[in-house]
Amino acid sequence: MSLLAQQTWTPMTAEERARFDRDGFLVVPGVLTEDEVAIARTAILRSKEKASREGGLGANGALHQLSAVTNNPELAFLLDHPKAFKYIWSMLGWNVHVYHSHVDVHPQIHEQQKDWWHWHQDGGRQNRELETDPRSRMSVKLAYWLSDVSETGRGNFTVLPGSHLTNWLPGPPSRGVPWPQPEGALQITANPGDLVVFDRRLWHARSDNYSPITRVGAFFGYTYRWVAGRDEVADLPNTPEWATFSPVQQQLLGGAGDGSGDHAWGHYPETTPLYGELKRQGLLDSSIPALIP
Ligand SMILES: O=C(O)CCC(=O)C(=O)O
């Protein structure tokens with residue numbers, strides 16, 4: 001029996017779902033092994049070195065690089081890592097792709113920064129163009145921690161728990177105006193290999209890293225395939241790496257299945273790799289609308 005055939009996925013638990021619905025995020029410890037952390041870190045730090053040589057780093061020598069797998073094919077395993085990906089298909093179902101991803105490296109900052117307002121919800125124009133209150137969830141993001149942020153002040157991911165049902169947060173009149181953190185802001189602490197799963201509507205922000213530990217993370221945002229992607233993936237099928245990606249990974253990277261007519265609107269579930277995988281494993285739970293064909 002092949003490794004793939006032996007693989008068994010499990011859905012997120014009812015308790016996790018209830019906590020996610022209440023808080024807008026989950027922290028899941030120990031998702032990646034030490035080896036997996038090392039593989040991902042090495043790839044991302046190599047990208048940072050390349051960007052550094054090419055003058056592509058931002059303020060304070062930081063890297064914020066979009067299209068994670070296009071730029072770092074070694075990260076493909078993070079797209080559908082069973083311990084992390086279960087949160088995506090459990091909530092969004094099988095007709096999904098990664099619409100936006102990035103890797104981030106933030107070295108120590110030596111000078112105290114102004115209180116710049118980085119708080120936002122994901123989805124850009126979705127926060128103007130969706131008319132409901134609260135707006136629809138639309139997407140869920142995975143944040144893999146590849147450095148030790150087990151204490152605050154290390155560039156921790158910062159959230160406002162429970163804010164995913166709030167359309168508007170009082171902030172500065174414009175981005176360039178320093179502004180205090182919102183009351184209740186929480187810097188999430190995590191070890192290398194831990195995962196944060198968050199609802200795109202959760203108000204969140206990066207914090208500054210004043211520690212000597214370079215902060216490294218990888219972020220993958222998933223949404224329905226009928227929402228256009230932001231990542232640069234159009235040329236990926238022409239690369240030598242493409243054939244090394246599994247059909248599910250290819251789906252998540254914008255590929256349209258096995259050539260038998262897969263459709264991004266999910267018209268033909270039987271041709272969609274993730275549908276096939278969930279069906280094979282008996283995980284199509286009809287109590288969850290997004291998992292119904
Ligand atoms: O880097 C961070 O901690 C924040 C990332 C972020 O804002 C995002 O993924 O939308």
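Here are three short exercises on this predicted model, each with a worked solution. Local features need pLDDT of at least 70 and side-chain atom pairs count only at pLDDT 80 or more, while totals for chains, interfaces and linings use all residues. Residues are numbered from 1 along each chain as its sequence is written, and side-chain values use heavy atoms, with hydrogens and water left out.

**Exercise 1.** Work out which strands stand at the edges of the open sheet.

*Solution.* Start with the order of the six strands, β1-β7-β4-β9-β3-β2, paired antiparallel. Strands (E, at least two residues) and helices (H or I, at least four) are DSSP runs numbered from the N terminus, and two strands pair if DSSP finds at least two bridges between them. Now look at the ends: β1 (25-28) and β2 (63-66) each have a single partner strand, so one side of each lacks a neighbour in the sheet.

**Exercise 2.** Find what joins β2 to β3.

*Solution.* Count the bridges first: four link β2 to β3 (residues 96-106), and the two run antiparallel. Then pick one of them: H64 has D104 in β3 as its bridge partner.

**Exercise 3.** Decide whether helix α6 is enclosed or open, then try T8.

*Solution.* Take the cut-offs: buried is under 20% relative accessible area, exposed over 50%, partly exposed in between (1.4 Å probe, protein chains only). In α6 (residues 82-92), nine of the eleven residues are buried, so the helix is largely enclosed by the rest of the structure. Among them are F85, Y87 and W89. T8, in the loop between α1 (3-6) and α2, has 65% relative accessibility, so T8 counts as exposed.
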